[in-house]
Amino acid sequence: MNKWKRMEDHLCMLRESHLYRTLKVIESAQSSHIRYQGRELLMLASNSYLDFCGEPRIKQYAAEILEQYGVGSGGSRLTTGTTDLHIKLEEHLARFKGREAAMVFNTGFAANSGVLPALCRDGDVIYSDEYNHASIIDGCRQSRAETVIYRHNDMDDLEQKILARPGRFGLIVSDGVFSMDGDIVNLPRLVRLADTYGLLSMIDEAHATGVIGKSGRGCEEHFQMEGRTDVLMGTLSKALGTEGGYICGPRPLIEYLKNTARSYIFSTSLSPVTMAAAKRALELIEAEPQRIQRLQQNIRWFCQCLQQQGLNAQSETAIIPIRIGDEAAALQASEWLLQHGYFIPAIRYPTVPQGQAMLRAALMASHTREELAGAAQAIAEAVKAAG
Ligand SMILES: *Cc1c(COP(=O)(O)O)cnc(C)c1O
């Protein structure tokens, strides 16, 4: 009897449907230019939107903390894993987001999947956008609350679904910037619905922090409605260039989550080095808002370049989808781009629905206009070659 047959059959099915995943091994620091298979490529896929992974002042500070504190935290947050650097970062995050308090989780995934089950339970209801991140979906499942999926960013659909369940305690949760399509949540209406019907509002700012809003503070700043969301979730792993997730909110919320979120309680905390690097990244965002402006200029410029190439590209965020549809064609276009010096992966099912494969370009503040114009031209050629 072959114990592995079920797995082998599954892999075989994935290969046949062009959904088999492999790793691309990068041989350099994450930046706008990377080394891959011995060649230099233009990186147009990284979540390190402000190009902070290798920023000299962040590295310098992290190196000092590494020397002082070593490499690990030695325990979970509630045992031995809380250093003064963890606390300082949390205080800074709370200030940056205009909240009373903040807490750091080991990843954004752990934040979402731990917080939703801590806030909602059997008998409650969670309203979740159909395009929300996998970590939100897992959090909903683990909560055992009734999860009601509403149509993508469709606030009329959301309201109807709320009205069909009167008087229930619950929460509305949405990505702030959607991770595959790069569009922005309708925050004004979402918050109004939450307040009208007595529900908590929760926004995931993974791709919003450091990207949208005049000074990179995210969705609330973008809509000029500071302080209006009940539960603000974000990550240190995207524009901030390090790793980790966080929740910001009123002090009772944060104290409650420290006592109840299992992914916070039962996991070894991040290293002091990571906390220090993230804090320095926040300081740089505040001290040098021109990085955010450069990123936002790049977004406008790149969309314009793609449109000039006849491609339908629109985004206000660093995520710019180029829609292809067919999985094999998207893979082929991505492969063509790799051969021609551009790192832009194809995004396929199950990350996006079947038959809606795309190239997903992600911009950095450090990309030059020339690089982006060249990339737009290459993308147009790749799409033609794959079509
Ligand atoms: C990346 C991402 C997460 C997970 O964050 P990690 O720090 O990578 O675990 C959560 N939500 C959204 C919307 C994301 O894009």
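**Exercise 1. Strand β3**

How many residues of β3 are buried, and what does this say about how the strand is enclosed by the rest of the structure?

*Solution.* The model is predicted, so local features need pLDDT of at least 70 and side-chain atom pairs count only at pLDDT 80 or more, while totals for chains, interfaces and linings use all residues. Residues are numbered from 1 along each chain as its sequence is written, and side-chain values use heavy atoms, with hydrogens and water left out.

Step 1: take β3 as a strand, that is, a DSSP run of E with at least two residues, numbered from the N terminus, as helices are from runs of H or I with at least four. Step 2: apply the burial cut-off, which is under 20% relative accessible area with a 1.4 Å probe and protein chains only (exposed is over 50%, partly exposed in between). Five of the five residues of β3 pass, so the strand is largely enclosed by the rest of the structure. Step 3: separate the two faces; A101, M103 and F105 point one way, A102 and V104 the other way, and all are buried. Step 4: find the partner; β3 pairs with β9 in the antiparallel sense over five bridges, where pairing requires that DSSP finds at least two bridges between two strands. Within this pairing, A102 stands opposite C248 in β9.

**Exercise 2. Helix α3**

Compare the expected span of helix α3 with the distance between its end C-alpha atoms, and then describe its buried residues.

*Solution.* Step 1: the expected span is 1.5 Å times one less than the number of residues. For the 13 residues of α3 (residues 84–96) this should give 18 Å, and because the end C-alpha atoms are 18 Å apart, the two agree. Step 2: the buried residues of α3 are L85, H86, L89, E90, H92, L93, A94 and F96. Step 3: what covers these buried residues includes α2 (56–69), β3, β9 (245–249) and α11 (272–287). Step 4: just after α3, G98 takes a positive phi of about 65 degrees.

**Exercise 3. The sheet containing β1**

State the strand order of the open sheet of three strands, and explain which strands lie at its edges.

*Solution.* Step 1: the order is β1-β2-β11, with mixed pairing. Step 2: β1 (33–36) and β11 (342–343) stand at the edges, and because each has a single partner strand, one side of each is left without a neighbour in the sheet. Step 3: β1 and β2 (residues 39–43) pair in the antiparallel sense over four bridges, and the bridge partner of H33 in β2 is L42.

Technical notes: Contact means heavy atoms within 4.5 Å.
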